[in-house]
Amino acid sequence: MTDSAGRDMPRSTESDEMNLVPASAQPPLSTDRFLIDESPGNEAVPMDVLFVGGGPAGLAGAIHLAKLVQEEREAGGPLGELEIGVLEKAEGLGEHCLSGAVVNPRAFRTLFPETGDERFPFHGPVERDRVYFLSSRGKWRIPAPASMRNHGHYLASVCEIVRWLGEQAEALGVNVFTGFPAEALLLEEDRVVGVRTTPAGLDRSGQPGSGYVPPTDLSARVTVMAEGTRGPLTQAYLDAQGIGSPNPQIYALGVKELWQVARPVDAVIHTLGWPLPPDAFGGSWLYPMGDDLASIGLVVGLDYRQRDLDVHVLLQRMKEHPLFSPYLDGGELVEWGAKTIPEGGYYSLPDRLHGDGLLIVGDAAGFVDVASLKGIHYAMQSGILAARTIFEALKEDDASAARLAGYDTRVKQSFIAEDLHRTRNMRLVFKSGLVRGGLKAGLQQVTRGRLPAGRVEVEPDVEVPRAAGAPAATLRSPGRHSVDKLDAVYRSGNSTRDDIPSHLTVGEPITGAMAEFYEHMCPAGVYERDGDELVVNPPNCVDCKATDVLGPRWAPREGGSGPSYKRM
């Protein structure tokens, strides 16, 4: 057995043949680390409102709030000037953002009603959609489901969207702090009163080195959690508050590449089927991103049941398919990246999206519609609704949980909840496999979610048993367009220093089989099996959070660590 670079790998032992359950080795969430019962220090940076995360949700919320405050001042209203901050862990805006992306412009039009679509940071409108079912060598075009028809939508780079939103925010006086990950929420009893950032310049053992920079406290009357998928502070807050959901959140892992191509892609292409096994959920895409760029990627639900399934390697194999390879021939890989996506939908939304001094928006809340493959406009709209709630609350000088509860009402009355409710079981029915799931999903499309009736129950991804003996997921001979994991990490722009302390907490027991599972699960080569031992390479991490879903826990590290996406 060989890995994607052709190296020999340990063969499974007899004990490895039993089903493996990732939950058996996952450490518990370190709530005490991410929630600190302590007031901000005397030298804390004072903010009225702080958005933790500089993605579409956080920036849209900051922009809308700044506009509301500006309009209030111009009208002579009682609310004075507010200090609005956005805290982003990447060195530059957009560098940790990754998406397909086909964008519904609806939230842009709400946020900038005076601006036409042609002035938004889009590459152009979607002109054609094609959907295929693939075998290893063949393809069959199938009718595009109504939810995947993209007429009126636009092709875009989420990195470019975020940088553009950042410019609009700063022009309105929003304080954008890049390179500052949030280490913990600061609380006075149950009330969130700000955040503490991560220190920088720690050595491998976690002690201050020559370039040490201590953490910074930022105080806030309202803190908005916009930290994206599997944000640890959001997880810890929900856990500590006992906030559940009808179903647990489930996730997918997307691996994406941006190519400079000699043959322009003439349509938005989606596929089902190969290279995935029949009982795994997911699909691929190929999007035009201008005359000479194309986005290609593969998304796979993390409830897959094969122990050696490797999403990165499957993408490399997929690129040699006759549907894709003609577009990549003569081209060059420009960027590579990976990200987890919340897929649970309506029934996985937290029962409560607010707290005393806190709101939750975007991917942190799970606002993604798998049926339409959309999340950006939901994230932005949630930020807008949060801004309206905060504006009204601060006009009354009341940021209590009772006053901020209006945000939940706004979400429930918005197109976010309407769309997610209509497709509430669309992803979940695929728990019964591709064929049966596809039939049920078709029935849901026709009945607008009414059938199958009721809630399809699911288990957390980490509790799904993984079987040995799955089809090989390694590349025995690299294809013409393939890239191994180490080269892929280089293409992500990862510049994490080698002597940074580990931000990954590994549980026990880690058997050889579990180590091998982690090696395949991680798209960035962070984990390696060495005999029955697990070798961890933290600097390789691109913060996709797959590890946090299925294995070792992820925590924020010093600012600027991780990928540096420019056009993803």
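Trainee: Let's start with Arg196: is it buried or exposed?
Mentor: Keep in mind that this is a predicted model. The relative accessible area of Arg196 comes to 17%. Buried means under 20%, so Arg196 counts as buried.

Trainee: And which side chain does Arg196 meet in a salt bridge?
Mentor: Side chains of opposite charge can pair when their charged atoms come close. Here the N to O distance is 2.7 Å, and the partner of Arg196 is Glu38.

Trainee: How many residues apart are Arg196 and Glu38?
Mentor: Once you have that salt bridge between Arg196 and Glu38, look at where the two ends sit. Arg196 belongs to strand S12 (residues 191-197), while Glu38 is in the loop between strand S1 (35-37) and strand S2 (45-46). The pair therefore links distant parts of the chain, with Arg196 buried and a separation in sequence of 158 residues.

Trainee: What is the relative accessible area of Glu38?
Mentor: Glu38 falls in the partly exposed class, which runs between the 20% and 50% cut-offs. Its value is 37%.

Trainee: Which residue forms a salt bridge with Arg191?
Mentor: The closest N and O atoms of this pair are 2.7 Å apart. Arg191 is in strand S12, and the other end is in the loop between strand S22 (354-355) and strand S23 (358-360), 165 residues away in sequence. Arg191 is partly exposed at 25%, and the partner is partly exposed at 24%. That partner is Asp356.

Trainee: What about Asp397: how many residues apart in sequence are the parts that its pair with Arg221 ties together?
Mentor: Asp397 and Arg221 form a salt bridge, with their closest N and O atoms 3.0 Å apart. Asp397 lies in the loop between H8 and helix H9 (401-404), and Arg221 in the loop between strand S15 (217-219) and strand S16 (222-225). So the pair ties together parts whose separation in sequence is 176 residues.

Trainee: Is Asp397 buried or exposed?
Mentor: Arg221 is partly exposed, with a relative accessible area of 26%. For Asp397 the value is 60%. Exposed means over 50%, so Asp397 is exposed.

Trainee: Which residues do salt bridges that share partners join into one network?
Mentor: A search of the whole structure turns up 32 salt bridges. In the network you're asking about, the joined residues are Glu392, Glu396, Arg403 and Arg410.

Trainee: Over to the helices: how many of the residues of H8 are buried?
Mentor: H8 has 20 residues and reaches 29 Å from its first C-alpha to its last, close to the 28 Å expected at 1.5 Å a residue. Just after H8, Asp397 takes a positive phi of about 55°. H8 is mostly covered, and the buried count out of 20 is 17.

Trainee: At what angle do H2 and H8 pack?
Mentor: H2 passes H8 in a right-handed crossing. Residues of H2 in the contact include Ala60, His64 and Leu68, and those of H8 include Met380, Ile384 and Phe391. The contact residues divide into 13 nonpolar, four polar and three charged. The axes are 7 Å apart, and the angle is about 35°.

Trainee: How far apart in space are Leu111 and His64, C-alpha to C-alpha?
Mentor: Leu111 is in helix H3 and, at 1% relative accessibility, counts as buried. Its contacts beyond four places in sequence include His64, Leu165, Met380 and Ile384. In sequence Leu111 and His64 are 47 residues apart, but in space the distance is 6.5 Å.

Trainee: How far apart are the end C-alpha atoms of helix H4?
Mentor: H4 (residues 158-171) has 14 residues, so at 1.5 Å a residue it should span 20 Å. What covers its buried residues includes helix H2 (56-74), helix H3 (106-111) and helix H8 (376-395); Trp164 and Leu165 are among those buried residues. The end-to-end distance agrees with the expected span: 20 Å.

Trainee: Last one: is Arg427 buried or exposed?
Mentor: Arg427 is found in the loop between helix H11 (415-422) and helix H12 (434-447). Its contacts beyond four places in sequence include Phe281, Asp303 and Glu343. At 3% relative accessibility, Arg427 counts as buried.

Notes. Residues numbered from 1 in each chain as written. Predicted model: local features only at pLDDT ≥ 70, side-chain atom pairs only at ≥ 80, totals over all residues. Heavy atoms only, no water. Helix = DSSP H or I, 4+ residues; strand = E, 2+ residues; numbered from the N terminus. Expected span 1.5 Å × (residues − 1). Buried < 20%, exposed > 50% of the residue type's maximum accessible area, 1.4 Å probe, protein only. Contact = heavy atoms within 4.5 Å. Axes fitted to C-alpha atoms, helices over the stretch in contact; angles between N-to-C directions. Left-handed = near helix turned anticlockwise from the far one by under 90°. Nonpolar A, V, L, I, M, F, W, Y, C, P; charged D, E, K, R; others polar. Salt bridge = Lys/Arg side-chain N within 4 Å of Asp/Glu carboxyl O.
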